[in-house]
Amino acid sequence: MNILDIAENSIRAGATLVEIRLELQGSKLTISIRDNGCGMSPELLNKVTDPFTTSRTTRKVGLGLPFYKMAAEMTGGTMQIESRLSVGTAVTATFFLSHIDCMPLGDLGATVATLMQCNPDIDFVFSLSDGAESFAADSRQFREILGGVPLSTPEVAFFIREYVSEHIKPILEKGI
Ligand SMILES: Nc1ncnc2c1ncn2[C@@H]1O[C@H](COP(=O)(O)OP(=O)(O)O)[C@@H](O)[C@H]1O
Ligand SMILES: [Mg+2]
């Protein structure tokens, strides 16, 4: 859910490419979410982990980034944001999976499938590696294989979910 939320920021920032990279080193998981969206000014970047900062007009507080930071820090990890106006943003967080307060990773296959299904005009690259093994799913490749069939087709989303889940399972099981 956190990954979806952070990727949602990238989508709202007008990104055409969003890369979600997971790297496992033992029980340490580094998640980086990088986009080529509008980026943030240094002023916004400085205060963005403050829960009362948001550029939304529909509600007063933005909780996505502060919550994500808290989720990482609760496990002994960290969260950092790099951002440049008109270039893009990278949010990098580390989680210690063996920590009792670490939130479950959830259904990553469904997360990837949902992002690709709901945003068929945005490219997503999802990858997981543990140094020895790696897996990547790239919406540009799916689109090429599928010819004219849109990524928003329910059967396609179902396939992506299964495909991702199946391939990441053995890698994740080694780390946890
Ligand atoms: N990837 C991003 N690109 C550009 N701006 C971003 C990005 N992520 C966050 N922001 C800015 O930071 C603000 C706070 O984000 P967040 O904590 O997720 O709260 P919310 O999404 O509810 O506003 C957003 O309103 C937006 O202005
Ligand atoms: Mg948000």
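The following questions and answers go through the fold, the central strands and the core of a predicted model.

Trainee: In what order do the helices and strands of the chain run from the N terminus on?

Mentor: The secondary structure of the chain comes to six helices and six strands. Its radius of gyration is 16 Å, close to the 16 Å that the globule rule gives for 176 residues, so the chain is as compact as a globular protein of that length. Read from the N terminus on, the elements run α-β-β-α-α-β-β-α-β-β-α-α.

Trainee: Which side chains of strand S2 point to the buried face?

Mentor: In a regular strand the side chains alternate between the two faces of the sheet. Strand S2, residues 28-35, shows this alternation, with Lys28, Thr30, Ser32 and Arg34 pointing to a face on which they are not buried. The side chains that point to the other face, and are buried, are those of Leu29, Ile31, Ile33 and Asp35.

Trainee: Which residue of S4 is the bridge partner of Lys28?

Mentor: S2 pairs with strand S1, residues 17-25, in the antiparallel sense over eight bridges, and in that pairing Leu22 stands opposite Ile31. Eight bridges also join S2 to S4, and these two strands run antiparallel. In S4, the bridge partner of Lys28 is Phe96.

Trainee: Which residues touch the most other members of the largest nonpolar core?

Mentor: In soluble globular proteins, nonpolar side chains tend to be buried together. The largest nonpolar core here has 34 residues, and at least two of them come from each of several elements, including helix H1 (2-12), S2, strand S5 (123-129) and helix H6 (154-175). Ile33 lies in S2 and, leaving aside its neighbours within four places in sequence, is in contact with Ile3, Ile6, Ala7, Ser10, Val18, Ile20 and Val91. The core residues that touch the most other members are Ile33, Val112, Met116 and Phe124.

Trainee: Is Ser98 buried, partly exposed or exposed?

Mentor: Ser98 is found in the loop between strand S4 (88-96) and helix H4 (108-118). A residue counts as buried with 20 or more other C-beta atoms within 10 Å and as exposed with 12 or fewer. Ser98 has 13 other C-beta atoms within 10 Å, so it is partly exposed.

Trainee: How far apart in space are Ser98 and Gly26?

Mentor: Gly26 takes a positive phi near 60 degrees in the hairpin of S1 and S2, which has two residues between the strands. Although Ser98 and Gly26 are 72 residues apart in sequence, their distance in space, C-alpha to C-alpha, is 9.5 Å.

Methods
Residues are numbered from 1 along each chain as its sequence is written. Chains are lettered from A and ligands numbered from 1 in the order in which they are written. This is a predicted model: local features need pLDDT of at least 70, side-chain atom pairs count only at pLDDT 80 or more; totals for chains, interfaces and linings use all residues. Helices (H or I, at least four residues) and strands (E, at least two) are DSSP runs, numbered from the N terminus. Two strands pair if DSSP finds at least two bridges between them. A nonpolar core is a set of buried Ala, Val, Leu, Ile, Met, Phe, Trp, Tyr and Cys residues joined through C-beta atoms within 7 Å. Two residues are in contact if their C-beta atoms, placed from the backbone, lie within 7 Å. The radius of gyration is taken over C-alpha atoms; the globule rule is 2.2 Å times the number of residues to the power 0.38.
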